[in-house]
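The points below are offered as a colleague's note to accompany the structure. Please read them with the display open.

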2 protein chains.
Amino acid sequence: MVSSKDVAKFAGVSQTTVSRVLNAPETVKEKTRQRVLDAIETLNYHPNAIARSLVSNSTRSIALVSGPLHNPFFADSVTAIIQFARLQGYQVTVHFEDLGSNESVFESLAKSKVDGMILSSIYLEDPIFSKLSRFGVPFVFFNRKPVEPSHFVEIDNVHAGRLGARHLLDLGHRHIAWVGGPQTMSTFAGRYAGFREVMNENGYVTKPSWTVVTDTSPQHIHKQMIRLLKEKEKPTAIFAATDSIAIYVLDVLKSMGYRVPEDISVLGIDNVTWSGHSSFNLTTIGATYPKNLGQVGVEILFSIMESPSEKWIQKTIPVHLIPRGTTASI
Amino acid sequence: MVSSKDVAKFAGVSQTTVSRVLNAPETVKEKTRQRVLDAIETLNYHPNAIARSLVSNSTRSIALVSGPLHNPFFADSVTAIIQFARLQGYQVTVHFEDLGSNESVFESLAKSKVDGMILSSIYLEDPIFSKLSRFGVPFVFFNRKPVEPSHFVEIDNVHAGRLGARHLLDLGHRHIAWVGGPQTMSTFAGRYAGFREVMNENGYVTKPSWTVVTDTSPQHIHKQMIRLLKEKEKPTAIFAATDSIAIYVLDVLKSMGYRVPEDISVLGIDNVTWSGHSSFNLTTIGATYPKNLGQVGVEILFSIMESPSEKWIQKTIPVHLIPRGTTASI
DNA sequence: CGAAAAAATGAATACGTAACCATTCAAAGG
DNA sequence: CCTTTGAATGGTTACGTATTCATTTTTTCG
C-alpha cells in the first residue's frame, strides 16, 4: 500500500508537505505542489482514511439502525438518509434491528467509532438506551422514541390513530379491527392509543379478539389474519398500524377472495410511496410535510454533530388523512 | 475516550497485557485477566476499531454499491447481503449508484479501505472498472457483469429473455412490446438479446417504437408508457426487463383503466418477493435457486477475501418461468 | 545591500492498537 | 537449595496521517 511517505520520497519533499498539499494547498508553493500532485498521480496514492480517522478522531461515517426493508417505509427512509449523508461527505453503515439479539449490533457500533447514529429501532423502555448514552456519540431516533429524553422525530402517532378511527366511524363502520405491532414500541403504542380514544369517546368498544398484535413480519401477519377472519363476527374494516402491515393485509384478503373496499375496508398509516401505487391505492394517513422522515432525522443528527446542544430536539410532525380507494362507507 | 492504556493503568498492568486479554486470553494468568476485565467493565472500555484497523490492515467492513431500493430486487439483495456479512462479523457501508456521478462514490471507497466490495452498478464497458482493479481490494459483481474478466453472479439473462418471449408467443401474442433499461448494462442487454432471438427465430419483428428504453425510474417509465399507449397499433403484451419495471407498468396500465391480463399481458423478470403479492400476482421469470442473488455474491466475495484465487468465480444461475396472473392467452 | 518579516518546508510527535523481543516470575527437577 | 524450563508480563515499535514547533528559504522595504 502506497503511503504519503512514499509520495514524499518520490517527490523529494517531506511527508508533512504531502499532507499539506492535501489539506491546505494554499500554504505550499505552486511548483512543489505540482510535483507532489504528479507523484500522487503516478503512484496512484489514496490517503488512508483509517489513519486519518485515528488522528482526527472522526470517521466521517454514521451508523443507521433500520427496520426491515420489506417495509417500504424503511426502504424510503434508508434511501433518504444515505443520500443526504453522502451530500455531507459521510458514509453510512447500515444495520438491521434484530429483535432479541440487538446486543451484537450495538457491540459492533461501540467499536467502530462512528460520528453519529440514527436509529428507528428501540423499545419504549430499552436497556440499550443507557448503553447508547455512554458511547458519547450523538444519536437521533426517527419514527421511534424512548421514554428517556432524547432527540427524535416522529409523526403525530396519537393523532394519526385518532384520524383513522374518525374516518372509519364517519364511513359508518362500527366493527373495526386493529392490526398492529408490539405495544412496547412508541409508534404502535401511540397509534393504538389514538384509535382507542376515539372509539371509546364515541361509545364503541375495541373487541380484544379484533386487536391483533403481530411482529410485523409478512408470515405472522398472514397467520394472524387467517385467525381473525375465522371469527364468527367479522370486522367490516381493518385499521392497520402501518402501510406495510396494511399492504400485507390486502395480500391476505385478496388471496382469500375478499373485495376491498366492497367487502371490507382497509386503512394504513405512513403514506409510503408504494401506497399510492394503483395496485394498492391504499387510504392512509401521513405527514403534512414533503420531506422524508428519515431525512428530517439525519438533518437533526448533523446539526447536533456540529454543535452539540443541551436541548433536546424533538419534532412531532402533524398528519392528515389521504383518502384513496381501500376505504368506503358500509 | 478511554483507551487500553487507561485500562492498563487502572488494572496495574501494561497495555500489552490488556491487548492480550482481548486477543489471546489463554496466555494471561486467570487472576490478572480478571483484574483487567474488571477494569474494562468499570471504565466502560471499548477497543478502538480504527486503531485496530490501522495495524491489522483490515477494517472488517465491506462496501456495497446497490441499485435503488424502490426496486424490490435491490431491497431484497441489500437485506441478504447485510445479514450475511453480519454473521461473518462484517459491517456494510451502503452506497447507491448515481448514474453519471459514480466517481464520487468510488472516490470515497478508495479512501475508506474496505476489505471487499460487492456491486451491482456497472456498465458493460465502464472506465470505473480499471480504477477498481487498482485498489487492490477484492470485488464481486452481482446482477451485472462487465466485459472485462471478473468475479460475478447473475441469472441466465439471455435464457430469461428467451423464456419470456416463448411464453408470450405460446399464449398467442404477436404484438409484444419490450420495456427495458439501458443496453449498456449487461442485465438489460442479455435479456433483450434473448427476447429478440426468439422473436426473430419465429419470424416476428420487434417494432422499434415498441422497444422502450427507460432509466428504470418510476417517472420515466410512466412517461414512456404513456407514449407507448398512444401508438395507433397497440401491443397485446408487455415484456418488462425487470419485475420492478413490470410493477410500475402495471401501475400505469391500471391507473389508465386497462385490465391485466384481459386487455394486455404483462411479464417481468427477477421473481422479487413482491411479485408474488396478490395485488400484483405477476408472472415472472426467476432463478431456480432458493438463495438470494445478493447472498450468492457476498458468499463469493468472502471466499475470495480469505483465499484470493487467480481463477474467476463466475456463476450464471439457470432460470425458469413462474406463471401467475398477469399473462393470458390472447 | 542588508535586516526584518513572511512564506515555505522539515523534524518530531501523537492517535490507539497489535506484535515482536526482552525480561521477570513461578514451577519443576535434581 | 540451585538450576533449568516454561509461563507470564512489560518495553518498544510500526501502522499512516495531521499537527506543533523549529528551521530554512524567499520576499519586502528602508
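In which loop of chain B is Lys113(B) found? The residue lies in the loop between helix 6 (102-112) and strand 3 (116-119) of chain B. The model under discussion is predicted, and the numbered points should be read with that in mind.

1. Backbone of Lys113(B). This residue is not a glycine, yet it has a positive phi of about 55 degrees. A reader who wishes to find it should look in the loop that joins helix 6 (102-112) to strand 3 (116-119) in chain B.

2. Cis peptide bonds. In chain A, Val260(A) and Pro261(A) are joined by a cis peptide bond, with omega about 10 degrees. Pro261(A) has its place in the loop between helix 11 (243-255) and strand 9 (265-267) of chain A. In chain B, a cis peptide bond with omega of about 10 degrees joins Val260(B) and Pro261(B). Pro261(B) is placed in the loop between helix 11 (243-255) and strand 9 (265-267) of chain B.

3. Relation of the chains. A turn of 180 degrees, with a shift of 0.0 Å along the axis, lays chain B on chain A with an RMSD of 0.0 Å. This is therefore the relation of a two-fold axis. Within chain B, the C-alpha nearest the axis belongs to Thr93(B), at 2.0 Å from it.

4. Annotated domain. The UniProt annotation "domain: HTH lacI-type", from an unreviewed entry, covers residues 2-56 of chain A. In the model, this span is 71% helix and 0% strand, and its end C-alpha atoms lie 20 Å apart.

5. Surface near DNA strand C. There are 25 residues around this strand, of which Arg20(A), Ser4(B), Ser19(B), Tyr45(B) and Arg52(B) come nearest. Of the strand atoms within 4 Å of the protein, 56% belong to sugar or phosphate and the rest to bases. Base nitrogens of DNA strand C take part in two of the contacts: one lies 2.9 Å from a polar side-chain atom of Thr16(A), and one lies 3.2 Å from an N or O atom in the side chain of Thr16(B). A phosphate oxygen of the strand is 2.7 Å from a polar side-chain atom of Ser19(B). Helix 2 and helix 4 of chain A, together with helix 2 and helix 4 of chain B, each supply at least two residues of this surface. By class, the surface has nine nonpolar, 13 polar and three charged residues.

6. Surface near DNA strand D. Of the 24 residues around this strand, Ser4(A), Tyr45(A), Arg52(A), Thr17(B) and Arg20(B) come nearest. Sugar and phosphate make up 52% of the atoms of DNA strand D that come within 4 Å of the protein. Phosphate oxygens of the strand lie 2.7 Å from a polar side-chain atom of Ser19(A), 2.6 Å from a polar side-chain atom of Thr17(B) and 2.8 Å from a polar backbone atom of Lys29(B). The residues of this surface divide into nine nonpolar, 12 polar and three charged.

7. Internal cavity. The whole structure holds one cavity of 30 Å³ or more, and the volume of the largest cavity is about 60 Å³. Its lining includes Trp274(A) and Trp274(B). Helix 5 (72-87) of chain A and helix 5 (72-87) of chain B are the elements that give two or more residues to this lining. The lining residues divide into eight nonpolar, three polar and no charged.

Technical notes:
Residues numbered from 1 in each chain as written. Chains lettered and ligands numbered in written order. Predicted model: local features only at pLDDT ≥ 70, side-chain atom pairs only at ≥ 80, totals over all residues. Heavy atoms only, no water. Near = heavy atom within 4 Å. Polar contact = N/O pair within 3.5 Å; in protein donor to acceptor, adjacent residues only side chain to side chain. Nonpolar A, V, L, I, M, F, W, Y, C, P; charged D, E, K, R; others polar. UniProt positions renumbered as here; feature names shortened; annotations may be inferred. Helix = DSSP H or I, 4+ residues; strand = E, 2+ residues; numbered from the N terminus. 1 Å grid on protein atoms, 1.4 Å probe; cavity = no way out; pocket = protein on both sides within 12 Å on 5 of 7 lines; lining within 4 Å. Points joined across faces, edges and corners; volume = space filled by probe spheres on them. Least-squares fit on C-alpha atoms with pLDDT ≥ 70 in both.
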